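I am opening a notebook on a structure I have not looked at before. The entries below follow the order in which I looked things up.

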Amino acid sequence: MKIHGSTALVTGGGSGFGRRLTERLVESGSSVAVLDVDFESIEALKALLPNVYGLVCDVADDAQVEQAVQSVTNQLGSIDILVNNAGIMTSAPLVNLLAKGNRRHPRELWHRVIDVNLNSVFYLTSTIAEQMVRDRRKGVIVNISSISARGNAGQSAYSATKAAVEALTKVWAKELGPFGVRCAALAPGFANTQGAADALESKLLDRWVEQVPLHRLAEIDEVVDGIIFVIENDFFNGRVLKIDGGLVV
């Protein structure tokens, strides 16, 4: 997919990978829309990149997704590129022996992670893929997974959602490929982002860094480079590109 002249939609584009990807897409000549639940992040992004069409949207809400996609297509036209980047990283053991009272994994946390990391991917992809197929337009859908999809102790909800996203990527690549719509995923390792710092204690993050053969975290642009590759390579389909520095979880 040629980025120049395309229309792209990035979820969770107000910060982290999503924000930097948005900048890179705009630099390459794409018209970009961003969905993010955080109003301040959207406003800051629009101040930096006035041509970006930013919308506050909880992508875990199907009705909000429907309205947002309609608003984007009304403003920018048909969507060629969808990057399902929005997600939350959480850590909680299945059973917490140090907790007082209920020691089980919090149910509300489980449901929220499933909603944001998995259901949103289904809502966005089904809505936009329908338009692509209906209009007989080629397109590309990129899902952001994680090395935690292989299973990471203390991350039941997060690992489950990322494994599911990778499975859906393969299913959709087979279903949508005959219509000229590619679907692929990218699985970063631990990266130098605020999200990783907020989700993991510094000691735990340092422990992961020690296990990476390169002995460092990924930089944001190294991950974004991978997303750009997936978008631009028209024969990359149904696969998961791992950007993890050689770390195996």
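Entry 1, the whole chain. How many helices and strands does the chain have? I note first that this is a predicted model. I counted eight helices and seven strands in the chain. Next I looked up the radius of gyration, which is 18 Å; the globule rule also gives 18 Å for 249 residues, so the chain is as compact as a globular protein of that length. I then took the span of the C-alpha trace along its principal axes and got about 55 × 40 × 40 Å.

Entry 2, surface and contacts. I looked up how much of the chain is covered: buried residues account for 49% of the 249 residues. The accessible surface of the chain is about 12200 Å². Carbon and sulfur atoms hold 52% of that surface. For contacts I kept to pairs at least 6 apart in sequence, and 70% of these join residues at least 24 apart.

Entry 3, Ala173. I turned to one residue in a helix. Ala173 sits in α5, which covers residues 156-176. Is Ala173 buried or exposed? Its relative accessibility is 6%, and the cut-off for buried is under 20%, so Ala173 counts as buried. Which residues does Ala173 touch, leaving out those up to four places away in sequence? I found Cys183, Asn237 and Gly238. I also looked up the distance from Ala173 to Lys46: the two are 33 Å apart in space, C-alpha to C-alpha, and 127 residues apart in sequence.

Entry 4, Leu97 and its patch. I went on to a loop. Leu97 is placed between β4 (81-84) and α4 (107-134). Its relative accessibility is 63%, and exposed means over 50%, so I put Leu97 down as exposed. Which residues form a nonpolar patch on the surface with Leu97? They are Leu94 and Val95. Together the three residues have about 340 Å² of accessible area.

Entry 5, Arg136. I looked at one more loop, the one between α4 and β5 (139-144), where Arg136 lies. What is the phi of Arg136? I read a positive value of about 55 degrees, and I note that Arg136 is not a glycine. I checked its cover as well: with a relative accessible area of 78%, against a cut-off of over 50%, Arg136 is exposed.

Entry 6, recap. I have one buried residue on the page, Ala173. I also have two exposed ones, Leu97 and Arg136.

Technical notes. Residues are numbered from 1 along each chain as its sequence is written. This is a predicted model: local features need pLDDT of at least 70, side-chain atom pairs count only at pLDDT 80 or more; totals for chains, interfaces and linings use all residues. Side-chain values use heavy atoms; hydrogens and water are left out. Patches are made of residues with over 30% relative accessible area and no salt bridge: like charges are joined within 9 Å, nonpolar side chains (Val, Leu, Ile, Met, Phe, Trp, Tyr) within 5 Å. Accessible areas come from the Shrake-Rupley method with a 1.4 Å probe; for residues, only the protein chains shown count as cover. A salt bridge is a side-chain nitrogen of Lys or Arg within 4 Å of a carboxyl oxygen of Asp or Glu. Helices (H or I, at least four residues) and strands (E, at least two) are DSSP runs, numbered from the N terminus. Buried means under 20% relative accessible area, exposed over 50%, partly exposed in between (1.4 Å probe, protein chains only). Contact means heavy atoms within 4.5 Å. The radius of gyration is taken over C-alpha atoms; the globule rule is 2.2 Å times the number of residues to the power 0.38.
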